[in-house]
Amino acid sequence: QVQLVESGGGLVQAGGSLTLSCAASGRTFSSYAIGWFRQAPGKEREFVAAVSWSGGITYYKDSVKGRFTISRVNAKNTVYLQMNSLKPEATAVYYCAAGSNSRYGVTYYPRTSDDFGSWGQGTQVTVSS
């Protein structure tokens, strides 16, 4: 198991930028894929982006491609989500979560909530119009 703590949320104007951090405890951090999800009031939690255990593979929700960048520094047990050109609809609680890049012995790229087993407590992002 790995414990995750998000930080970096806040209030920003539309068009602005924020960088979220996901800090992990545990020596096995580098073996996990890490994903970012968000949940807006009254809506279901949705996938935003994920990075493979090595950092070599990244993938995104279509609506954030080209504006958000996920990265990781395994030596620091940290994953980042750089968010640019933020829109009001990005307002939500953002969560990071740990999952596996292997399923039944085959390489797998998790992107649903059920694919991730360890979750942080979340950080609020508010984008004003």
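**Close-up views of a strand-built chain**

**View 1. Strand 5 lies between two antiparallel partners, strand 4 and strand 6.** Ala-49 has Tyr-60 as its bridge partner in strand 6. Strands are DSSP runs of E with at least two residues, and helices are runs of H or I with at least four, each numbered from the N terminus; two strands pair if DSSP finds at least two bridges between them. The model shown is predicted: local features need pLDDT of at least 70 and side-chain atom pairs count only at pLDDT 80 or more, while totals for chains, interfaces and linings use all residues. Residues are numbered from 1 along each chain as its sequence is written, and side-chain values use heavy atoms, with hydrogens and water left out.

Three bridges hold strand 5 (residues 46-51) to strand 6 (residues 58-60) in the antiparallel sense. Strand 4 (residues 33-39) is also antiparallel to strand 5, and five bridges join these two. Ala-49 appears in this second pairing as well, where Trp-36 stands opposite Ala-49. Strand 5 is mostly covered, with five of its six residues buried. Here, buried means under 20% relative accessible area, exposed means over 50%, and partly exposed lies in between (1.4 Å probe, protein chains only).

**View 2. Two hairpins contain glycine residues with positive phi, Gly-42 and Gly-55.** In the hairpin made by strand 4 and strand 5, six residues lie between the strands. Gly-42 is in that turn, and its phi is positive at about 80°. What phi does Gly-55 take in the hairpin of strand 5 and strand 6? Its phi is positive and near 90°, and this hairpin has six residues between its strands.

**View 3. An open sheet is formed by four strands in the order 1-3-8-7.** The pairing in this sheet is antiparallel. Strand 1 (3-7) and strand 7 (68-73) are the edge strands; each has a single partner strand, so one side of each has no neighbour in the sheet. Strand 1 and strand 3 are joined by five bridges, and in this pairing Ser-7 stands opposite Ser-21. Between strand 3 (residues 18-25) and strand 8 (residues 78-83) there are six bridges. Thr-19 faces Gln-82 across this pair, and Ala-23 stands opposite Thr-78.

**View 4. One disulfide is present in the structure, formed by Cys-22 and Cys-96.** The two sulfur atoms are 2.1 Å apart; a disulfide is a pair of cysteine sulfur atoms within 2.5 Å. The torsion about the S-S bond is about 75°, so the disulfide of Cys-22 and Cys-96 is right-handed. Distant parts of the chain are linked by this pair: Cys-22 belongs to strand 3 and Cys-96 to strand 9 (residues 92-99), the two residues being 74 residues apart. Are these cysteines buried or exposed? Both Cys-22 and Cys-96 are buried.

**View 5. Thr-78 is found in strand 8.** The relative accessibility of Thr-78 is 10%, which means that this residue counts as buried. Leaving aside neighbours within four places in sequence, Thr-78 is in contact (heavy atoms within 4.5 Å) with Ser-21, Cys-22, Ala-23, Phe-29, Ser-71, Arg-72 and Val-73. One of these residues, Cys-22, also takes part in the disulfide of View 4. The C-alpha atoms of Thr-78 and Ser-30 are separated by 9.5 Å, although the two residues are 48 residues apart along the chain.

**View 6. Val-12 occupies a place in strand 2 (residues 10-13).** Val-12 counts as buried because its relative accessibility is 12%. Which residues does Val-12 contact once its neighbours within four places in sequence are left aside? They are Ser-17, Leu-18, Leu-86, Thr-126, Val-127 and Ser-128. Lys-87 is 75 residues from Val-12 in sequence, and the C-alpha to C-alpha distance between them is 9.5 Å.

**View 7. The whole chain has 13 strands and zero helices.** From the N terminus on, its elements are therefore written as β throughout. The C-alpha trace spans about 45 × 25 × 25 Å along its principal axes. Buried residues account for 43% of the 129 residues. Of the contacts between residues at least 6 apart in sequence, 59% join residues at least 24 apart.
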